[in-house]
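Reader: I would like a close look at one part of this model, the salt bridges between its helices. Please take the pairs one at a time and then set them beside the other local features.

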Amino acid sequence: MTGQTNTRLADLFGLAGWSKGELARLVNRQAAAMGHPQLSTDTSRVRRWIDKGETPRDPVPRVLAALFTERLGRVVTIEDLGFVRRGRAGTRQAVRNNDENPDGMPWAPDRTAAVLTEFTGMDLMLNRRGLMGAGIALTAGSALNSSLHDWLRTEPSRPAAASRATDPLHADPAGYDRYEAAPIGSEEIEALERSVEVFRAWDASRGGGLQRKAVVGQLNEVGGMLAYRHAEHLQRRLWGVAANLAVLAGWMSHDVGLEPTAQRYFVIAAHAARESGDRPRAGEALSRAARQMVHLGRPDDALDLMKLAKSGAGERLLPRTRAMFHTIEAWAQASMGHGQAMRRTLGEAEDLFVSDRHEKTPSWMQSFDEADMHGMQALAYRTLAEHDPTAAVTAQHHARLALDLRSDGHDRSKLFDHISMASACFIADDPEQADRYARLALISMGETSSHRTWHRLREMYRLTGQYAGYSKIEDLRAELEVELPRSPEAPRSGLV
């Protein structure tokens, strides 16, 4: 007991709208449903948890996490409640009062496995996809940078020998059903690696909405497998599968507007990638979080995250991966209106991309091809055109090249290219071309489950306002006004 208010629990308790007595009754009922009928709590204990900083014994933190998850319609973990997980290094007081690092990062391997399993288990409990509770916050890029910078630059420690199933990683159960950890072999891991490719192809084609739950479920299974200590070479590969699935889960969550959930998956992915010995993959996971921040209008946080991504990726970073990192930085700089810096950064990206000697690229980088390079350049110049309209012509050039180069199976990227092209044409005062590409985008909208495409379409719609009275654009605006109210809400950005 700290003797101080558990502010994180108090805030969530206020959002939930329960009385202390009601919460006590719900804890007893939920605990019985989770196989703990002997648990009994009352109003005075709830008061001590909130007002005095008392940490209840297991399984109460897990019971509370399940209750708040269901009540608020978003994942709430033990750390979110202000409780310290069993076996965690550091004092409760130090962790709870560290506002810049509320989740006590970096995590040890056993903690990463526990967080992964708990978070995915809670996510799967939420059958109301897209429902985001009030008071949700993203961790600022500077906070993640300060907490993970030094840790990502070091190699993970390894046990002296592989252990048997009697030496699990002590990962706390995450939900109602958790099978016992059991060993797996290389064939099972190969099947998991193939499943990642299937999910990745689906996401590129159709967007994140339709397969997100399947990816989260697969990641939850892998979390259970990580609770068994396999031989080191198998354990590393399994951590690699976890990293790839966590990035996908994060990207799909971002694609459908679950922003805090997405960020948590990107952080889990970075931890898992480091445990697999793949520092470049850890950096790429964090670069996804940076792209998310630019999308949410936080380019300063994006640049902080890119510093962390580049630092954490190590020296084995391929030129193509470095080029991709530069395009994300350039997009952030364009969002801030820093045209000179953006052009310099994109120039470096082009040099790096051209210098790629077609070395064997990892599976997670194969989607960043020449089309994607031009697509990111088009997005950066189109974003800069909001500050400097002369950039619109260059945006059109790159968008046209991206569209010419796009291969089948990248429908969502092609849709983004159409929107970038239409927006750049509007800014360049070419409404005829803008109308053409806007209509191509509209035709494709119903074939994806990506909320981000609707956000970009709203930005394009805003640009049509200057053409009031132009009959063709008036017709386009009328069609957009019918479609946009049916679309997902625009993203909301909250930061801690």
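**Salt bridges and their surroundings**

Author: A neighbouring region comes before the pairs: helix H1 (7–16), helix H2 (20–33) and helix H4 (60–72) are among the elements that cover the buried residues of H3. This is a predicted model. Helix H3 spans residues 43–51, and its buried residues are Val46, Trp49 and Ile50. They line one face of the helix, because they fall within an arc of 90° when H3 is seen down its axis. Just after H3 comes glycine 53, with a positive phi of about 70°. The loop between H3 and H4 also contains proline 59. The peptide bond that joins aspartate 58 and proline 59 is cis, with omega about 15°.

Now the salt bridges. Side chains of opposite charge can pair when their charged atoms come close. The structure holds 28 such bridges, and three pairs are described here.

The pair of lysine 213 and aspartate 123 has an N to O distance of 3.9 Å. It links distant parts of the chain, with lysine 213 in helix H9 (residues 212–225) and aspartate 123 in helix H6 (residues 109–125), 90 residues apart. Aspartate 123 has a relative accessible area of 2%, so it is buried, the cut-off being under 20%.

Aspartate 255 and arginine 412 form another bridge, and their closest N and O atoms are 2.7 Å apart. Aspartate 255 belongs to helix H10 (residues 232–255) and arginine 412 to helix H18 (residues 411–427), so this bridge ties together parts that are 157 residues apart in sequence. Aspartate 255 is buried at 0% relative accessibility, and arginine 412 is buried too, at 6%. The pair does not stand alone: Asp203, Asp255, Arg412 and Arg452 are linked in a network of salt bridges.

The bridge between arginine 281 and glutamate 284 is set within one helix. Their side chains meet at 2.3 Å, N to O. Both residues lie in helix H12 (residues 279–295), three residues apart, which is about one turn of the helix. An α-helix has 3.6 residues a turn, so residues three or four places apart point the same way. Arginine 281 is buried, with a relative accessible area of 3%, and glutamate 284 is buried at 1%.

After H18, the helix that holds arginine 412, the chain enters a loop that leads to helix H19 (431–445), and aspartate 429 is found there. Its phi is near 60°, a positive value in a residue other than glycine. Most residues other than glycine have a negative phi, and most peptide bonds are trans. Aspartate 429 is exposed, with a relative accessible area of 56%.

A last contact between helices rests on packing. Helix H14 (residues 319–335) and helix H16 (residues 370–384) pack at an angle of about 10°, with their axes 8 Å apart. The two helices are therefore roughly parallel to each other, and their crossing is left-handed. On the H14 side the contact involves Thr327, Ile328, Ala330, Trp331, Ala334 and Ser335. These meet Met373, Met376, Leu379, Ala380, Thr383 and Leu384 in H16.

Terms used: Residues numbered from 1 in each chain as written. Predicted model: local features only at pLDDT ≥ 70, side-chain atom pairs only at ≥ 80, totals over all residues. Heavy atoms only, no water. Buried < 20%, exposed > 50% of the residue type's maximum accessible area, 1.4 Å probe, protein only. Helix = DSSP H or I, 4+ residues; strand = E, 2+ residues; numbered from the N terminus. Arc of directions from axis to C-beta. Contact = heavy atoms within 4.5 Å. Salt bridge = Lys/Arg side-chain N within 4 Å of Asp/Glu carboxyl O. Axes fitted to C-alpha atoms, helices over the stretch in contact; angles between N-to-C directions. Parallel < 35°, antiparallel > 145°, perpendicular 65-115°, else oblique. Left-handed = near helix turned anticlockwise from the far one by under 90°.
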